[in-house]
Structure formats: C-alpha cells, structure tokens
Amino acid sequence: MTVRLSYEDGTIRIEADEPLPPLPGVEHDDRGDVERAPAARYAEILNALEVAGLSVVDDVLDLPALSLSTDYRLREYQRKALEAWHENDDRGVLELPTGAGKTVIAIAAMAELGVATLVVVPTIDLLEQWVRELEREFEMPIGRFGGGTQKREPITVSTYDSAYLKADDVGDDFGFVVFDEVHHLGGEGYRDVARFLAAPARMGLTATFERPDDAHRVVEDLIGPKVYDVAVDDLAGEHLAPYDVRRIEVELTPEERERYENVQGTFVQYLRDSGLTLSSGSDYRKLVMRSGRDPRAREALLAKQEARRVMMNAENKRRELAEILDRHRDDRVIVFTAHTDLVYRLSERFLLPAITSETGTKERRETLERFREGTYSRIIAANVLDEGVDVPDANVAVVLSGSGSEREFTQRLGRILRPKDDGGRAVLYELVTADTAEERVADRRR
DNA sequence: TTGACTCAACATCCTTTGCTACAA
DNA sequence: TTGTAGGTTTCCATGTTGAGTCA
C-alpha cells in the first residue's frame, strides 16, 4: 500500500487506497473523504508510517537546500543546549536568561540544518533585531511578515500576529521554525501558528517557560518539551554580571493605611459573605465572572483594585526612590512601575525621562538612544520595557511596583545583567509596602 | 510615508482559613 | 495519620501590542 501526504491549509492530507493504521492526530474529514491532521503532526505521522513499513509519497514540503555558514563560536552552555535539542530530534524548548545569547544558538541551528526557516517574534522591535542579525550573519536578503511588509524569503522573520494571519498559507514553505519568547505560544490564538506549520524542526526560546495558567503544556505538545535550561545564577559572574536583590520595606502613611484597610476590608468581607475561597487564579476568574452580574462582587473587585493602587503607589516609596537615586548618582538606573499615571508623576518630580505605552515610536526610540549614549543616565517606565524591546544596559533597577509574575521579575532583572566593563555588581531594589498583600505578591514572583 | 485612530488579543488580576476525597 | 490535589469556561479594570483603516 502507498500513502500520499500533502499540505492543505494548515493540515496534512493523507490519502491511501487501504485502511490506515492509527496515526497521531489524524481524523477523518467527511468533506473530502480523506484523512487529515494538523500540520504540526507531520513529522510524527511520517515517523509512524515509516515504523509501519509503508511506502510514502511525500509532497508536503518542497524546500530548496540552503548553504549557510556562521562565524559564531558557541559558548559551552550554548553548545550543550544545541546538542540537547538535536538529541530530541530537533525539537524542544531552550530556557536561558536574558542576555545569555539565545539568538546565537538558533543561528547555529539554522546553519547546521540548512533549510528554509521561519523565525516568529512577539514585537516589531524584535523583528527588526532578528532581521539585522540574520542579514549580517548570512549575507542574504531576509524576508519579513509584519510591520506593514509581507515579503517571503528562504529565511523569514514574522510577528506572532502576522504569522497567525499567514500560517495556513505558508505552512509548507519552511522546514525549521524558531519561536522567540515561546511562552507567547500558549495564548489561545497564537497556538494555531505552530499548529498550521508543517516544519519538522522546531525550537522555542524563552527566559521563563512555565506559565501560571499551565499553557506551557500546550507548547510542549506543539514544539517539544524543555530540553535544556540554565539559571541566571549559573551564569552570573562569568557570562552575566553578578547581582544583588535588595528588598526594602516601607510603611504606609496613616492616611494610606486607613484607606488601604478600608478597601481591602470591603474585598475580604465580600469573600467571607459570599463563601468564595481564593486558592488559585481560576477562583479569581470565578469572582470576575460573578462581578458581571452581581453589583456587590463588582464593588469588591473595584475595592481590591483601589487597595492595590494604594499599596503600590505609597508615598514612602517615592521617598525611598529619592534616596536610591541620590545614592546611585553616578550609575545607570531604570525605574519600573505598574501604573502609567505614577510614571508621569515621578517623571515630573524627579525629572526622569519616561516611557509608557502612550509614548510614540519616535520619542521612545530617541529616549532609549539617549540612554544608550549616556545623555540620560536614568529612565522610568511602566511595563513597556519588560519584554521585546532592545533596552540599553543599566546597572541599577528599581522595582517600585510590579505584579506577582515571575516572568516580569526575571525580565526586569535581565535588564541589568549584561556584564560590566569594570566587573561591577548589579543591584535590583524591590520596594514593598509592609503589612499589605504586596508582601505576598513579591514572594510569589520569586 | 506618517500619524491618529479603532479593534482584537494577550497578560495580570489572589485570602490566611481550612472543606472533601484520596493517596502515601 | 498526614499531606495534597481537587474544580473552572467568558470578562470588573489596566497596560500593552500589532494589524488595519483613513486622511
């Protein structure tokens, strides 16, 4: 019996003149009266057919061979990461800290495989960085999907959004796909990108693979499991700057304390009265759903938000920030907050250049450029600089307020870990209001 | 080409007690 | 006895992004 495989709109179409053995992910499609599977299953199906000893006519991919070479010399951990990935049949996720050189590993893999490759990234900024890097390394035109351009080349870089729009169209054009910041692939829509691509070789890159919603399980299914990880502490001192994390507790002012206890009390009282227990994120979602119908639930939720605002924007944090800025007069400092309006208030008070999501592309670029060249020695930002932006290195970070997200914390820490010329230590200050829920939030992210 | 705008998608959003069923 | 996993499904608010549209 001969089995014929072809690619069709994000799926693998399987035709055979006799009944087939069970194949991974394959279902019968009544419309065309054929068997079909998501394109992501291509490599597994091929393998299963081979094991069954069936002859296969494979029309899924028609890829030109590429001759690629790279001058990069991989560091030992980078080489080990690449080996681990090869050992898992060229599939899997590599978890390395920001600044550890993930791009270099992917480029080495591309050179070794020599097939058409799609790189998927979350932001335009990262798209530009990858294109620059790949053009320099391989000296060939690099395609791009995103930022208003749709141009395909044997090596193409795409945003997740554009890849989502084009995946079923170009799913048979690439033999290798690299997902940068692969944790995004857990998002409901984005997972289809990996599903529609037939590329047998798959690499995911991230600094923080696990997701609080467990969606990394889906990523494991589509890309492969985590095959290698190295922690910040393993590289600090040699390949990354040594660092200290200093937690500073501040007290609420009497007025803030009164306000906090009042609104936090409203929230907790509602939980008691309604019999809701919060032991996980899903319980919280339950509360959110309830708030759509129940005015008291809504009131409780708004009270909780107000409590967060009070503790995160505490007056004494500003006083502490003034001291830190004074102490680090000669250092390069990035201040992180969770709220846009606080960014602008502090920007005015301490004359700090500010960046938020409201800052236009041009102004944002200029501010970062001035920070890079040293005209500015300190900047303040909301969540914008957490990920997907090329931020010049600093040696002091001040986390004025943040979420309980481990990812956010790791990314912010990563901003100060580029090795220093003088071998100096980096410092991350974490300002936390005492006797509030923020202590728990801060514990959670660590 | 740009800038301003809308839209959709994604991420975070979490108390401090102690229920119930089941496995070690 | 002790420890721990169990169960949930459409949206209160804020921050952020990319794509698309239009002038």
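**Salt bridges, DNA contacts and backbone geometry in the predicted model**

The side chains of R36 and E8 meet in a salt bridge, in which N and O lie 2.9 Å apart. Because R36 belongs to strand β4 (residues 34-38) and E8 to strand β1 (residues 2-8), this pair ties together parts of the chain that are 28 residues apart in sequence. The structure discussed here is a predicted model, and the values reported for it are computed from that model. R36 counts as buried, because its relative accessibility of 14% falls under the limit of 20%. E8, by contrast, has a relative accessibility of 29% and therefore counts as partly exposed, a class that lies between 20% and 50%.

E8 also forms a salt bridge with R13, for which the closest N and O atoms are 3.3 Å apart. These residues belong to a wider arrangement, since R4, E8, R13, E15, D29, R36 and D59 are linked in a network of salt bridges. In the structure as a whole, 37 salt bridges are found.

A further salt bridge joins R247 and E430, with the closest N and O atoms 3.5 Å apart. This pair links distant parts of the chain, as R247 lies in strand β14 (residues 243-250) and E430 in strand β19 (residues 426-433), 183 residues apart. The two partners fall into separate accessibility classes: R247, at 32% relative accessibility, counts as partly exposed, whereas E430 has a relative accessible area of 0% and is buried.

Attention now turns to DNA strand B. There are 23 residues around DNA strand B, and of these G189, L278, K304, S403 and G404 come nearest. Of the atoms of DNA strand B that come within 4 Å of the protein, 67% belong to sugar and phosphate. Several contacts to phosphate oxygens can be described individually. In the side chain of R211, an N or O atom is 2.9 Å from a phosphate oxygen of DNA strand B, and in the side chain of S405 an N or O atom is 3.4 Å from a phosphate oxygen of this strand. For Y190 the contact involves the backbone, one of whose N or O atoms lies 3.4 Å from a phosphate oxygen of DNA strand B.

The surface near DNA strand B draws on several helices, and α9 (254-274), α10 (281-291), α11 (295-312) and α16 (438-444) each supply at least two of its residues. Among the contributors, α9 gives the most, with 5 residues. When the residues of this surface are sorted by type, 7 are nonpolar, 9 are polar and 7 are charged.

Two residues are also notable for their backbone geometry. Most residues other than glycine have a negative phi. L351, although it is not a glycine, has a positive phi of about 55°, and this residue is found in the loop between α13 (340-350) and β16 (354-355). Because its relative accessible area of 73% is over 50%, L351 is classed as exposed. D435 likewise has a positive phi, near 55°, and is a residue other than glycine. D435 is found in the loop between β19 and α16; β19 is the strand that holds E430, while α16 is one of the helices that supply residues to the surface near DNA strand B. With a relative accessible area of 54%, D435 is exposed.

How values were computed: Residues numbered from 1 in each chain as written. Chains lettered and ligands numbered in written order. Predicted model: local features only at pLDDT ≥ 70, side-chain atom pairs only at ≥ 80, totals over all residues. Heavy atoms only, no water. Near = heavy atom within 4 Å. Polar contact = N/O pair within 3.5 Å; in protein donor to acceptor, adjacent residues only side chain to side chain. Helix = DSSP H or I, 4+ residues; strand = E, 2+ residues; numbered from the N terminus. Nonpolar A, V, L, I, M, F, W, Y, C, P; charged D, E, K, R; others polar. Salt bridge = Lys/Arg side-chain N within 4 Å of Asp/Glu carboxyl O. Buried < 20%, exposed > 50% of the residue type's maximum accessible area, 1.4 Å probe, protein only.
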